[in-house]
Amino acid sequence: MEESTAATQGRNGEALLRPLALDLRWSWSHASDELWRQLEPRLWERTHNPWVVLQSVSPQRIAAMWTDAEFRGKAERFVATQRALAQAPGWFQRSHPQAPLARIAYFSMEFMLSEALPIYAGGLGNVAGDQLKAASDLGVPVVGVGLLYSQGYFRQVIDRDGDQQSLFPYNDPGQLPIMPLRRANGDLLRFELRFPGYPLWLRAWQVTVGRCLLYLLDSNDIENTPAHRGITSELYGGGPELRLQQEIVLGIGGWRLLEELGIEVDVCHLNEGHAAFAILERARAFMQRTHQPFPTALAVTRAGNLFTTHTAVSAGFDRFDPSMIAQYLADYADQELRISLQDLLALGRREPRDDAEPFNMAHLALRGSAAVNGVSQLHGEVSRRIFLPLFPRRPLAEVPVGHVTNGIHTPSWDSPAADALWTRTCGKDRWRGDLGTVDAPVRAVADGEVWQMRTTARAALIEYARERLAMQLGAAGSSAPKVDAAQHLFSPDVLTLGFARRFATYKRPNLLLHDPERLIRLLTNPRYPVQLILAGKAHPQDAAGQSLVRDWVRFVRRPDVRPHAMFLADYDMRMTEKLVQGVDVWINTPRRPWEACGTSGMKVLVNGGLNLSELDGWWAEAYAPEVGWALGDRAERDDDPHWDAIEAERLYDLLEREIIPGFYAREADGIPHAWVARVRESMARLTPVYSANRSVREYTEGYYLPAASAYRARAERNGAIGTQIANWLASLENGWSTVRIGRVTVDTRDLQHRFTALIELGALSPQSVRVELYAEPLDGTGAARQAMSRMEGPAGATGACQYAAAVAANRPASDYSVRVVPDYPGVQIPLEASHIVWSR
C-alpha cells in the first residue's frame, strides 16, 4: 500500500511539474528555480534545464519531495500562477480588443530562448527569442517557426596553443524542453516535401514560451537517407546546397506545418531573408483554397507579409546559383505555383531576365512583402542604399525601408539584484504594459541603493568567471596549480570591463589590443586597477576571426596580464547573461555602419552597466554624454587602418582619462556619486526604450495591425481585390513603356509657380497613375511633392492629357521636375510597383 501511495504521489507530482518544466517562461521568471534545485541540486546548477532535471530524477525522488508540504505548496502555486498568466488579458487584448489580428507567424533561422535549447548562434536568434518572449508578456498572438538542429551551432574549445577548436555535440531531443507534435489520432505529425527525385520527411516539435508557441521542424526522420537526415544538423554549417535545403524546409515546410495544424495566419513576419520561401508557399496555399492564379495569390498574401532585414552589406544576403534553384524548385514552380521557372527566378533578381544573375533571398523577401524594415535608425538608412538598385530612378529617401530598432527582453537579462531594485521601484508587472511611467521611479532611487546593486552584481560575475575559467583550464589539461589560481583571480571591488561577441573582422575585437603595452599599463595601474573579461566565437570557416581569438588568448596568457584579464571559452546565452549582469562597462567597437543594430550593449542597461561603443547601430541613436561614452565621428570609413589607429587611441584615452578615474572618484561614503548618476540615468532613460517590450509594441501597431487589415481586405470574396490589383499590375507591365512626359511649362506670378505638363499615358487609364511635381530636399526639409490635376477638355494631338499644379515660389522653378508614378488604392508604392517616368 505504501509503495502504491508513493507511486501515485510520484505520478501526481510529475504530472503537475511537467507543464512547468516544459514552459520556457522559467528562462525569465526564476520563481520556480528553487523547486528544480531541491529536486537535483548538482544537475540544476550544471544545466539550468528543468526538463532535464524532471526527466533525470526517479519517481521515488519526486514522491519523496511530494510529501514535503512546503515543496508541494510551492509547486501548486507556481502552476496556478502559470495558468492565471496564460488566461489574463495582456497589453494587446486591453489596447486592441477589436483588432482584426488572429495570428502572426514569426519565421527565423534561429531562436535564442535558453541555453537549454541550443538552436542559436548569435544576434539574429537573440532578437527572435526576445521578441517571442515579449510577445508572450504582452499577449501579442505570435507563433514562431524555426528549425530543430541536431547539432546546432558549434561549441568552442581553446586548445593549449590558444587556437579555437570547434565541437558539434548532439542535441538529444529527449533532453530538450520540447515535445513532438501529434495528430488527433495520436500519430506523430510528419509530412513530406518533394525534393528532386525523392520525398523529404519532416518531423515537428512544439516549444512553449509562456503564452506563445514555437514550432520546430527537423529532417532527422528514419525514412530519410543519411544525407537528408542531416539537412537540419548544423546551424550555418555546410555549403550553399545545404543552406538552400534548410531554407526550403524553413520557408515552404514551415508554412505547410502551419497549414497542417490549421493555424490561420494574418501576418507572416520574416526575420531575415532565410525564410523567404514562405512567401511562395503562402501564395500556393491561397491558390489551393481559392483556385486563383499565382499573380492574384501573391497580390493578396504579400499584403500580410513583413520582411525585417538585419544585414548591413549586400554581400551578406544569401544568393543561390540559378541552376541550383532550378534543381530544387523547377517542379514546384511548374506544378504547385503554375508559373515558369523564369518567373520564379525573376522574384529573386535585380534584373529579372538576366539568366546569369544569382537568386537573392532578400530580393524575394522584399518583392513578396508589403513592408520592409531595418533594425535601427542608421540601419534603415543603410538598407535604403542597399536596396536602391531595385528601385531605379527613385530618390534614395523613397526606397521603402523603414526601421524598428531592436530591443532586448529585460526580464531575461536582469540580475537578481537589479530585478529586486526594479521591482521595488516600478512593480512586478513593469515589463507587461506600455512602460510609460517606469523612468521616474528609477531616477528617484538613492545613490547608495544603486551602488549596492552594482556591487552585488559585480561580485556574482567574478564568482562565476572564476568557476568558469577554472573548469575551462581543467578541461584543457592545465596543471592543478593553474586551475586553483583561476579560482582566486580578480576582485569584486575592481572596475570590470566586458568585451564579448562574435569575433569577425568588421567587429574589430582587436581594437582594444592595438597597443598591448598601453593596455597593460591601464590594467595594472596599482592606484586604479582594472580587470577585463573577454569572450567570443569565430565561425569555423572564418580564419581571420579565429586569428583574432588566438591573439587575445595569447595576450591574456602572458604572466603580467593573467591576473588582470581572462578569455572565457564557449560564449553562450548563460555566459552572456552573467557578463551583462556584472560588468561595469561594456565595450563595443564595430566598424560603422556594419553593425545593423547590436543588442549586447542593451542588455547591460537594466543592470546598471554603462556602454563605451562606436556610434553604430542602436548606440548611434541612444548615445548622450549623460548615459555613456562614444567612439567615432558618425562618418563611415571602410577598412582603414589609419582610422582604426586613431580610434584605438581614443579608446585608450577615454578609459585612462574619464572612465577609470570616474569609477574610483569616491567620496567620504565610498560611493562614486558622479558615476552612479550616469548609471541611474542610463537605466531610467534607455532601458525602457531599448526593450523588446517597446519593439514588439512598435511592430504590432506600426506593422502587424495594418498588415492584417490589408491582407483581410484583399483576401475577401476569394481575393476579389487581389485580382483587381494583379490585373492593374499586369497593365502596368504591359503599358508602362508607352508613358511619356511631353512639354512642361511654368508661369511664375503672384508668388507662385504654375506648372502645366502634357502626359501621354498610352494604354493606361488616368486612374492608374499619379502625376506630380517633385523637388529634392532643401535645408533639412523633406522632399517637395505636389500632385498635379488632370485638366478638363479635349486631349492633345497625340492623345496626351494636360496636368497642372501650383506651388509657392519660395525656391526656383528649375528645382522641380514632373514625374509619373503608379497609383492604386491600398497598394504600397513603390514597394509593389516601382515604375517611374521623369520629365528630366
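Start by selecting Tyr528 in this predicted model: Tyr528 is buried, with a relative accessible area of 19%, because buried here means under 20%. Now add Tyr664, which also counts as buried, at 16% relative accessibility.

Look at the two rings together. The centres of Tyr528 and Tyr664 are 5.5 Å apart and the planes lie at 15°, so this pair is stacked. Tyr528 sits in the loop between H22 and strand E16 (530-535), while Tyr664 sits in the loop between H27 and helix H28 (673-686), so the pair ties together parts that are 136 residues apart in sequence.

Widen the selection to Trp451, Trp629, Phe663 and Trp675: with Tyr528 and Tyr664 they form one aromatic cluster. In the whole structure, a search finds 29 aromatic pairs. For another one, select Trp618 and Trp619, an edge-to-face pair with 5.1 Å from centre to centre and 65° between the planes. Both Trp618 and Trp619 are buried.

Next, show helix H22 (residues 516-523) and helix H27 (residues 641-663). Their axes come within 11 Å and cross at roughly 10°, which means that H22 is roughly parallel to H27. To see where they touch, pick Arg518, Leu519 and Leu522 in H22; across from them in H27 are Glu649, Tyr652, Asp653, Leu655, Glu656 and Ile660. This contact has 5 nonpolar and 4 charged residues, with no polar ones.

Last stop: helix H20 (residues 447-475) and helix H24 (residues 573-582), packed at about 145° with axes 7 Å apart. Their crossing is left-handed. Among the contact residues are Arg454 and Tyr464 of H20 and Met575 and Leu579 of H24. The full contact divides into 5 nonpolar, 2 polar and 5 charged residues.

Terms used: Residues are numbered from 1 along each chain as its sequence is written. This is a predicted model: local features need pLDDT of at least 70, side-chain atom pairs count only at pLDDT 80 or more; totals for chains, interfaces and linings use all residues. Side-chain values use heavy atoms; hydrogens and water are left out. Axes are lines fitted to C-alpha atoms, for helices over the stretch in contact, and angles run from 0 to 180 degrees between N-to-C directions. Helices (H or I, at least four residues) and strands (E, at least two) are DSSP runs, numbered from the N terminus. Angles under 35 degrees count as roughly parallel, over 145 as roughly antiparallel, 65 to 115 as roughly perpendicular and the rest as oblique. Contact means heavy atoms within 4.5 Å. Ala, Val, Leu, Ile, Met, Phe, Trp, Tyr, Cys and Pro count as nonpolar, Asp, Glu, Lys and Arg as charged, and the others, Gly among them, as polar. A crossing is left-handed if the near helix is turned anticlockwise from the far one by less than a right angle, and right-handed if clockwise. Rings of Phe, Tyr and Trp (its six-membered ring) pair if their centres lie within 6.5 Å; planes under 30 degrees apart count as stacked, over 60 as edge-to-face and the rest as tilted. Buried means under 20% relative accessible area, exposed over 50%, partly exposed in between (1.4 Å probe, protein chains only).
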